[in-house]
Amino acid sequence: MNTSRIPGFYNMTVEERRELLMDMHTFTEEEKAHFFSGEALPAETADKMIENVIGTFPLPLGLGLNFLINGKEYKVPMAVEEPSVVASASYIAKMVREAGGFTTEATERVMIGQIQIVGSPDIQAAKEALLNEKESLIEDANAAYPSLVARGGGAEDLEVRILNEASDSPYGQMIVLHLYINTCDAMGANIINTMVESLAPTVEKLTSGKVYLRILSNYADKCLARARCVIPPALLESEGFTGEEVRDGVVHAFEFAASDPYRAVTHNKGIMNGIDPIVIATGNDWRAVEAGAHAYAARSGRYSSMTTWSTDEAGNLVGELELPMSVGTVGGAIRVHPMAKIAHSILDVESARELAQVIVSVGLAQNLGALKALVTDGIQKGHMALHSRSVAIAAGANGEMIDIIAEQLIKAKEIRVGKAKELVENHTK
Ligand SMILES: CC(C)(COP(=O)([O-])OP(=O)([O-])OC[C@H]1O[C@@H](n2cnc3c(N)ncnc32)[C@H](O)[C@@H]1OP(=O)([O-])[O-])[C@@H](O)C(=O)NCCC(=O)NCCSC(=O)C[C@@](C)(O)CC(=O)[O-]
Ligand SMILES: NC(=O)C1=CN([C@@H]2O[C@H](COP(=O)(O)OP(=O)(O)OC[C@H]3O[C@@H](n4cnc5c(N)ncnc54)[C@H](OP(=O)(O)O)[C@@H]3O)[C@@H](O)[C@H]2O)C=CC1
């Protein structure tokens, strides 16, 4: 039974959770071996992935539960070191599923390759020359990656921009060619770079200029994913707060973030709390996603909230998130890192477009989790209660002592390492 609603999952042992997943999903023997061995990434594999390897740096991998997106169930693998993130995502996903779940959509997967051309004697003539050869440039780019074209992707369009045209610009004029490439299910950085590099000699000839940079743009604003949720106030009710109060608080919190970059950065960090863990767990490039997301949040010219929260005519809370999402289900480390392969088996998405839509849903849920806590009890109550276990470990607790010290910290309402050290000393006396 493929449901993502597994009440009490967090009360099971790690071993019990793994066993349950084995029953719910199909894994290869190799995946099972990795899953149970505790060795997430063998040193020999790590040594082939990056340079100067001296070890690996594991992160906890948890499951965001309860996600219902476009009517499909998802258990979301999340690799993250911060307590309460997974719990909060699961909490809001549970609420949203009661309201019918997330609805999402995504554009086609069009990524951008840039070619920088400097020193053309007649910049307008150079632009014209490139545009006149548009079809043959696209053909040449595709000839550099025929397997992508065979999959239904490849270079589809081309644009030419002139930068710094104004005479008072402090920087030199240059031409930038944008090649629009459908990268199918790959994030596409290497594919794009291969294509734009292959065009450079022709571009130099056509423009009589010098080509410098030939690289993808991480501002993937033609590769967008959107998520939406509509929540009746009754589901938002919280101890001491009506659903309407919570709803209005969330809308005010959004307006704060939309009006003030100091708040917007923290608000958006809360969104990335949900996004980065799934991007990491699925073996994707989280720096690329982070860079694109923050640039998109500043697309109006002013850095602002990535999400919007409003009230509809029926009084429901409506949340929306649209972001560039340059992720893949193939390529890069995805089929190399054993845990990324396992994460894909659990997540069970069929395409990069589907993965992108799951990711923005988690980002939207995570944002609401934080905002709901902030406009009611404050963040410390839920977050610090879960953080208390890390504090106990930092103070030297181990084994069964961890939960005992964590409990004592919560009771004392002093969740800090100094207090935990005192408690550990008393405990071991
Ligand atoms: C932590 C909760 C969810 C507790 O909230 P609660 O009301 O005590 O939760 P509950 O006990 O009623 O449980 C509700 C559901 O939450 C999940 N859940 C509940 N507990 C667990 C757990 N231990 N492990 C796994 N899942 C858990 C689980 O799905 C559960 O349903 P069930 O399965 O029981 O039917 C809530 O207080 C919360 O969402 N707090 C916000 C936490 C948060 O945002 N953390 C991010 C770190 S802070 C930060 O970095 C960002 C920030 C805040 O600065 C961003 C910003 O400013 O905007
Ligand atoms: N600025 C940036 O963001 C940069 C990022 N990178 C890194 O690049 C990597 C991502 O590049 P990417 O090009 O995606 O990865 P790869 O270089 O691994 O290319 C993906 C490969 O997947 C194969 N493939 C199999 N099935 C499909 C499918 N359905 N759709 C598309 N391709 C398929 C293709 O090979 P074939 O056609 O032969 O089967 C293709 O070569 C990441 O590791 C990233 O960190 C690198 C440079 C810059």
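Across which strands does helix 6 lie? Helix 6 (residues 134-143) lies across strand 5 and strand 6, running at about 125 degrees to strand 5. Contact here is counted between residues whose C-beta atoms, placed from the backbone, lie within 7 Å. Axes are lines fitted to C-alpha atoms, for helices over the stretch in contact, and angles run from 0 to 180 degrees between N-to-C directions. Helices (H or I, at least four residues) and strands (E, at least two) are DSSP runs, numbered from the N terminus.

This is a predicted model, in which local features need pLDDT of at least 70, side-chain atom pairs count only at pLDDT 80 or more, and totals for chains, interfaces and linings use all residues. Residues are numbered from 1 along each chain as its sequence is written, while chains are lettered from A and ligands numbered from 1 in the order in which they are written.

**The sheet beside helix 6**

Let us stay with these strands for a moment. They belong to an open sheet of 4 strands with the order 5-6-4-7 and antiparallel pairing. Two strands pair if DSSP finds at least two bridges between them. Strand 5 (154-163) and strand 7 (210-217) are the edge strands, each pairing on one side only. On average, neighbouring strands of this sheet are turned by 20 degrees against each other, direction ignored. Strand 4 (residues 110-118) and strand 6 (residues 174-182) run antiparallel and are joined by 8 bridges; here Ile112 stands opposite Tyr180 in strand 6. Helix 5 (residues 123-132) lies across strand 4, strand 5 and strand 6, at about 170 degrees to strand 5.

**A second sheet**

Another open sheet of 4 strands has the order 3-8-10-9, again with antiparallel pairing. Its edge strands, pairing on one side only, are strand 3 and strand 9 (307-311). The twist from one strand to the next averages 15 degrees. Between strand 3 (residues 103-106) and strand 8 (residues 224-231) there are 4 bridges, and Thr104 stands opposite Ala227 in strand 8. Strand 8 is also joined to strand 10 (residues 317-324), by 8 bridges, with Ala225 opposite Leu323 in strand 10. Helix 13 lies across strand 3, strand 8, strand 9 and strand 10, running at about 45 degrees to strand 8.

**Two ligands and their shells**

A residue is near a ligand if its C-beta atom, placed from the backbone, lies within 6 Å of it. In the table, Ala, Val, Leu, Ile, Met, Phe, Trp, Tyr, Cys and Pro count as nonpolar, Asp, Glu, Lys and Arg as charged, and the others, Gly among them, as polar.

| Shell | Nonpolar | Polar | Charged |
|---|---|---|---|
| Ligand 1 | 13 residues | 11 residues | 3 residues |
| Ligand 2 | 10 residues | 8 residues | 3 residues |

Of the 27 residues around ligand 1, Tyr10, Ser88, Tyr91, Gly270 and Gly382 come nearest. Elements giving two or more residues to this shell include strand 1 (61-69) and helix 10 (261-281), and helix 4 gives the largest share, 7 residues. Domain 1 (9-107 + 223-377) and domain 3 (381-428) both give residues to the shell, so ligand 1 lies between them. Domain bounds come from an automatic or database domain assignment.

Ligand 2 is surrounded by 21 residues, the closest being Ser147, Cys184, Asn190, Gly331 and Gly332. Helix 7 (146-150) and helix 8 (189-207) each give two or more residues to its shell, and the largest share, 3 residues, comes from helix 8. At least three residues come from each of domain 1 and domain 2 (110-217).

Note on methods
Contact = placed C-beta atoms within 7 Å.
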